[in-house]
Amino acid sequence: MTRNASTRRRFLIGTSAGLAAVTAGCSSGGGTTTTTSSSGNSNTNSGTTTANTAEVHVMTDYANDAWQSEWENTIKPDFTDNYKPPLNLEFVGLQGESRNRLNTLLQSGNPPELFSSTITEVGDLVARGQTASVTDIVDEFASNNGDVLARSTIDVAGDTHKVPHGLYLGGTLNYRQDVYDALGLSVPKTWDELVENAKAIDEAGGDLEKVRGFAVSAKDSGKAGSDFTNFLYNAAGNFYRYTNEDETEVEIDFPEEKVKASLRTMKELAKYSPDPSGLSWASTIQNWVVGRVGQCLMNNAWLCGVAYANDIPSVAKATNQALFPKREQSLDPIDRGWALIDGWTFLSGADNPTGAKNLMRTMYGSPSKTAKRNLIEPMRFLPAYENVIETDAYQSAEIFQAEDGIFLEKNRHCIENIAPELGGDRPSTPASLYAGRFPIDSEMVNAYIVLDEDLDTVYQNARQKLKTRLEEGQNL
């Protein structure tokens, strides 16, 4: 069915995924830090040492209007009614701001029980032994909700370090099917075909005159490094390789020829892109939603949800997803790009880890509960467990009933046809996770594409930085 404008506005409010929210940081997080206890008053961690009664302190950027309503009206009362401990919710901003606050608590010996993040965002904590294994609770949820998709991305040295909330499929080519049809283009299988498509789109006139061929991010942090990683993986390259049979130690791989080929292709595509120096996650989404880009790398079918929420159904419905192309058809890489699970880190030394696990059970203990949480931002995150998408709770959501169910099918396509090809079992140790916390790849892309520095120089600089950070991680 097709919804009217007022219904779309309600969906926009419910997801907080509109252009304004995207501009604020591509997430539910805002720029402030607030805390509320289960009684609704300001609070901080009590410091009590009685596990059954100590409050559960949660630091999260799952804090948009829809999330705050869910916390206050559903999660908090369900948790406190069933498990009793008070819940201290601290809503924090993204990345640096939230990590600064977390580091302050860790240094004071007063860590929260839970922190929402991807494992790459807390790689240094894993390396320092400041996170707790959650293998048992994730195994429990997998038995209820189905196997965890891309579980290797949250497993380190035999332990699981993240309770899943949702799944990002970074190695996803998003493309405008209507633009492809108008120009007689096909989904590219190789980088040469991708560049040919970008050139054709960029040089098209008429109705497509304002559409650029491919969005290349080349800022010195954020999306640029994410995009580069997908290029490197599809060139059959890697950042690290194991050095022992037990797969507990790694060294730098980062093959020169494949890294340089990835950078050259990104620079070639930059000819057909909006200004790469200004493209972040947020601005890429903004350009896409208003119809200024024909192809890009973007997680999942997130672009569809933002376009539809902003009352641009033509762009939402025409945005399709496919595996990102390989450098050459003959290559057989470990995987076709990165996948990451966003979710919950348990901090070691917190007062009430049992209470934290019970909070997770309140939120994700069954397929219907997990579906309810995933539907707060239904196109940004895919369900991280394989059975959730098949539940009535998930499929009956308004967005998945709209437009004859086209958005449900886009999510299903991502799970069934893209997810299995992403997030392979690449070399990973606490030390490599630590090194991955630094924007070395983004800085390299920026130096080559924006600053126009020598390719040999930017490669050697990046390799040395990776080596230095890996050694730091190994010494922790």
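## Where to be careful

Residues 1-33 keep a pLDDT under 50 throughout, and the model gives them 86 contacts beyond four places in sequence. Another such stretch is residues 38-51, where pLDDT is again below 50; here the model has 28 contacts beyond near neighbours in sequence. Where pLDDT is low, the predicted coordinates shouldn't be read in detail.

This is a predicted model, so keep an eye on confidence. For the protein chain, the mean pLDDT comes out at 88, with 88% of residues at 70 or more.

## A three-strand sheet

Now for a sheet. Its 3 strands run in the order 11-8-12, the sheet is open, and the pairing is antiparallel. Strand 11 (295-297) and strand 12 sit at the edges with a single partner strand each, so each has one side without a neighbour in the sheet. From one strand to the next, the twist averages 25°.

Strand 8, covering residues 172-176, pairs with strand 11 over 3 bridges in the antiparallel sense. Tyrosine 175 is found opposite glutamine 295 of strand 11.

## Glutamine 321

Strand 12 spans residues 319-323 and includes glutamine 321. Glutamine 321 has a relative accessible area of 4%, which counts as buried because the cut-off is under 20%. A polar atom of its side chain lies 3.3 Å from the backbone oxygen of threonine 319.

Leaving out neighbours within four places in sequence, the contacts of glutamine 321 include Thr172, Leu173, Asn174 and Tyr175. Also among them are Asn300, Ala301 and Cys304, as well as Lys410, His413, Cys414 and Ile418.

Terms used: Residues numbered from 1 in each chain as written. Predicted model: local features only at pLDDT ≥ 70, side-chain atom pairs only at ≥ 80, totals over all residues. Heavy atoms only, no water. pLDDT = per-residue confidence, 0-100. Contact = heavy atoms within 4.5 Å. Helix = DSSP H or I, 4+ residues; strand = E, 2+ residues; numbered from the N terminus. Buried < 20%, exposed > 50% of the residue type's maximum accessible area, 1.4 Å probe, protein only. Polar contact = N/O pair within 3.5 Å; in protein donor to acceptor, adjacent residues only side chain to side chain. Pairing = 2+ DSSP bridges. Axes fitted to C-alpha atoms, helices over the stretch in contact; angles between N-to-C directions.
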